[in-house]
Amino acid sequence: MKKCAIHIAAFLACILICCYRGFASDRVGLQHLRCEMLENPQGIDALHPRLSWQIISSGHNTVQTAYQVIVASSLEKLNKDEGDLWDSHKISSNQSIMVAYAGKALASRTACFWKVRVWTNTGQSQWGQSAFWSTGLLNASDWKAKWIGYDGGFPWDSVSKFSRLSARYFRKEFKSDKPIEKAVVYIVGLGHYELYVNGKAVGDEVLAETPTDYTKAVKYNTYDVTDDISQGDNVIGTVLGNGRFFTMRPKYKPQKIKEFGFPKMLLQLEITYNDGSKKVITSDDSWKFTGDGPIRSNNEYDGEEYDATKELTGWSTIGYDDSMWSTPQLVAAPGGRLEARMMEPIKIVRTIDPISIRPLRPGIWIMDMGQNMAGWVQMRVKGNHGDKVTLRYAETLQKDRELYVANLRDAKATDRYTLKGRGEEIWHPVFVFHGFRYVEITGYPGTPNVNDFVGQVVSDDMANIGQFETSDTLINRIYKNAWWGILSNYKGMPIDCPQRNERMPWLGDRATGSLGESFVFNNENLYAKWLDDIRDAQLSNGSIPDVAPAYWHYYSDNMTWPGTYILVADMLYGQFGDKAPVEKHYASMKKWLSYMGQKYLKNGLMTKDKYGDWCVPPESLELIHAKDPSRITDGTLIATAYYYRMLCLMQRFAEIVNKPADQKSFSETATATKEAFNQKFLNKNTGQYDNNTVTANLLPLYFGMVPPKYQKQVFNNIVNKILVAENGHISTGVIGTQWLMRGLTDYGRPDLAFHIANNSDYPSWGYMVKQGATTIWELWNGDTANPQMNSRNHVMLLGDLITWFYQGLAGIKAGDPGFKTIIMKPAIISGLDNVKASYQTPYGLVKSSWKKNKDQFEWKVTVPPNATATVYLPTKTLQGVRDGDTALSTEKEIKYAGLDKDKTKIVIGSGDYDFKIKY
Ligand code: BGC
């Protein structure tokens, strides 16, 4: 009897487990709900925001078959499944990213709570967790606030070349006498701002305010301050810094440097009471204002000066005596469209402890952060009232261990702190950032200790969405250096460098780099915003500058820098499945191309170029640019090849926006361009283009301009040039390097790409590492070249290296836009034993992790739900290939898709795989 009971219990347990397994294996869930590619964004101004979600499924081959989205005006309604704003009902569709809201017209200040459920071929999900977005102020008439500021300098300010302007402090007391339901602040603070409510800083962003051409667009931010407002007396306070609004070099080269004026702000606090009534506090001349606070100067190039003896203790709390403060001026609006910020804010994204502090001379120390970074240091100090500590920042040291500042040009990169002298003081600047590894400390009372300092890394707060590691330690180090370089140069826009008197959003630096970066950071919103900056910088004749926002006036008309406009739109579509940039910018792109065509096309060739193959390794180590004509690629060749590339991309874009006539005309021009190009530059005897530089041959080959019968010869010329003339080294600059690794790989020499990538003698990325670099340099010969243009933290020489790491080595490449289909085709190279990578696609995580040894190739692959992958197995037959313990040939769900040279193609759905191929 007892035995029988045990058997029954075991049987029931077995059923339970089986049922559970059956349920769990098909279990479908949802995660990562995003609105306009942001998590729970506040105050956006998209009228049909696009919603995305990721499906979680423990089974294989999960595909969404339908979805239902509910958007409600309150959480209660959402919880009752009442979509009073939108109930999509069940929609048969596999679309799970960028589903446009199609509910009631959204008014300003609308709270939108949403959730989604999906049906898939392997089961149905529950309603996912709820998510949120709110609309901002959608109409100009919603703004009741007035622009306030002070259009002038104080006696302690200086508004000429090395400008010094103290920060501007504003405060306003007000009563809020009823219980509050909600309080929201809408603010623009130009150039940077800090916002306080009742003494508390709102949010944790730094360098707040998005950089734009403020005469074209001005971004406002929205904060929910419901919990910060008290019933009774309150105070709201702001501090304004210069940022890019009050330029770092005013009244200096006015034809080049754009000026916007003195700091100013616009603020609207809207309080909704429980009884439904409202109170609105706006910036106006009832506020109080002073420029005589502790931040005496803030200048992004030169640094920040903070005098703690001038602190306005309690200024942002109630009851502060502001009788000595003045009334702000009502000032003119900056002129640009008021728009919601729809990208990640800048934050302190990580901290670094210094590795050493060593005395240099009496009273002067050199601190080493161990890493070139962008941000600042926070200091802890104890001393006497009026003691002054000076921090000077630099990327490298001289031989005598003094700071090397020659490459900063005239940027002073110096912070100064005056102590109040009451116990321990902790400080860091707030309105500047520096690019540095070393800090010179002068005037520190006592002996500074590493524990008194911390490096705060300041960057756009975007998710790190890629991981990449190999068996090659040098490649790993280069990847790490690139990671630091990319992070250092995101500041609400992609900038060229964080240290010298430049820090400009140069277009050419990101032409292809943006694609590699998108494998590392979720840079979608940043680059979508940057395209708006570029469009805003376009002149009425169609010309697009080399720097946008156009803080520096560079309308030099070339193909390679402005062409970034088109390349980035293509990247956003390909990597993130975001079609909007193409649609939004199509007309301006077309206008630019036709402007360039009309003005500079002669006999079918694009005759205008400005930068050539910028920064090739020069013939002599002190040079910045090569002078030897054999190293220089002809400008018309580069411009015409890029023109052709742009025309091809525009053909695709024309198809996307459904303009067949345009498509035809781009195609015709492209054909004519190709013909003229080959006529002029191709030597039909040798298969060499022009003077046979790698770049001269590579551009037409990679862009598909070479007549088929010459392709092999052209490629051989590239290979010979690298192997013979360059002894296995890189010889390309910013232009050639954008296509080099992919070009070599696509045409069958990934081994040569690998050789170039893991070189450690000059010129190479590995050489930089060998010289102690912790980032990527502006010049291949950064250690020996003239300091005039020689940053140690630039990303443009990365070219397509990071793209190749992910696409070429890990084999993770988008097939259809946004990785709806994935092409997994790693190059298996002798000398590289394993690669481990993962990448967060819009659909979810894709993983590729392979390793090889003498007798086996093992490849672990993960494909996210609602996506499929074409996998190239390095074998000519599926015989003997296993997925875990199962023979692959018996797995019904895996589709054989033919042979591609020596690789077998299979198509797989979502799930985890463990392929094993015996040699
Ligand atoms: C910048 C580069 C930029 C170049 C073009 C340099 O000073 O640092 O990154 O693309 O100028 O002229």
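This report walks through the ligand site, the hollows, two sheets and a few odd backbone spots of one predicted model.

First, some ground rules. Residues are numbered from 1 along each chain as its sequence is written, and side-chain values use heavy atoms, with hydrogens and water left out. As the model is predicted, local features need pLDDT of at least 70 and side-chain atom pairs count only at pLDDT 80 or more, while totals for chains, interfaces and linings use all residues.

**The ligand**

Let's start with the ligand. Its surroundings are Asp 496, Arg 500, Glu 502, Trp 506, Asp 509, Trp 561, Tyr 611, Trp 614, Glu 778, His 794 and Met 796. A residue gets on that list if one of its heavy atoms lies within 4 Å of the molecule. By class, this shell has 5 nonpolar, 1 polar and 5 charged residues. Here Ala, Val, Leu, Ile, Met, Phe, Trp, Tyr, Cys and Pro count as nonpolar, Asp, Glu, Lys and Arg as charged, and the others, Gly among them, as polar.

Which side chains have a polar atom 3.1 Å, 3.3 Å or 2.9 Å from an oxygen atom of the ligand? They belong to Trp 561 at 3.1 Å, Glu 778 at 3.3 Å and His 794 at 2.9 Å. A polar contact is a pair of N or O atoms within 3.5 Å; within protein, one must be able to donate a hydrogen and the other to accept it, and residues adjacent in sequence count only if both atoms are side-chain atoms. On its own the ligand exposes 300 Å², and the protein buries 93% of that. Such areas come from the Shrake-Rupley method with a 1.4 Å probe; for residues, only the protein chains shown count as cover.

**Pockets and cavities**

Now for the empty space. The search runs on a 1 Å grid over the protein atoms alone: a cavity is a set of points where a 1.4 Å probe fits but cannot get out, and a pocket is an open set with protein on both sides within 12 Å along at least five of seven lines. Lining residues have an atom within 4 Å of a point. Grid points are joined across faces, edges and corners, and a volume is the space filled by probe spheres set on the points.

| Hollow | Volume |
|---|---|
| Largest pocket | about 1,200 Å³ |
| Second largest pocket | about 790 Å³ |
| Largest cavity | about 80 Å³ |
| Second largest cavity | about 60 Å³ |

The largest pocket has 39 lining residues, and the closest to its centre are Tyr 702, Arg 742, Asp 746, Gln 807 and Lys 813. Helix H6 gives the most to this lining, with 5 residues. In total the lining splits into 18 nonpolar, 9 polar and 12 charged residues.

The second largest pocket is lined by 40 residues; Leu 38, Glu 39, Met 343, Glu 344 and Pro 345 are the closest to its centre. Strand S15 is the top contributor here, with 5 residues.

As for cavities, there are 5 of 30 Å³ or more in the whole structure. Residues lining the largest cavity include His 192, Glu 209, Arg 244 and Lys 491. Its lining holds 5 nonpolar, 2 polar and 4 charged residues.

**Two sheets**

Helices (H or I, at least four residues) and strands (E, at least two) are DSSP runs, numbered from the N terminus. Two strands pair if DSSP finds at least two bridges between them.

One open sheet has 3 strands in the order S1-S2-S6, with antiparallel pairing. Strands S1 (28-35) and S6 (99-100) each have a single partner strand, so one side of each is left without a neighbour in the sheet. Strand S2 (residues 50-57) is joined to S6 by 2 bridges, and Leu 51 sits opposite Val 99 in S6.

Another open sheet has 7 strands, ordered S34-S41-S42-S43-S49-S45-S46, and its pairing is antiparallel. At its edges are S34 (466-470) and S46 (886-887), each pairing on one side only. Between S41 and S42 (residues 844-852) there are 8 bridges.

**Odd backbone spots**

Most residues other than glycine have a negative phi, and most peptide bonds are trans. His 32, in strand S1, has a positive phi near 55 degrees. Leu 190 and Gly 191 are joined by a cis peptide bond with omega about -10 degrees. The bond from Tyr 762 to Pro 763 is cis too, with omega near -10 degrees, and Pro 763 falls in the loop between helix H13 (750-757) and helix H14 (765-770).
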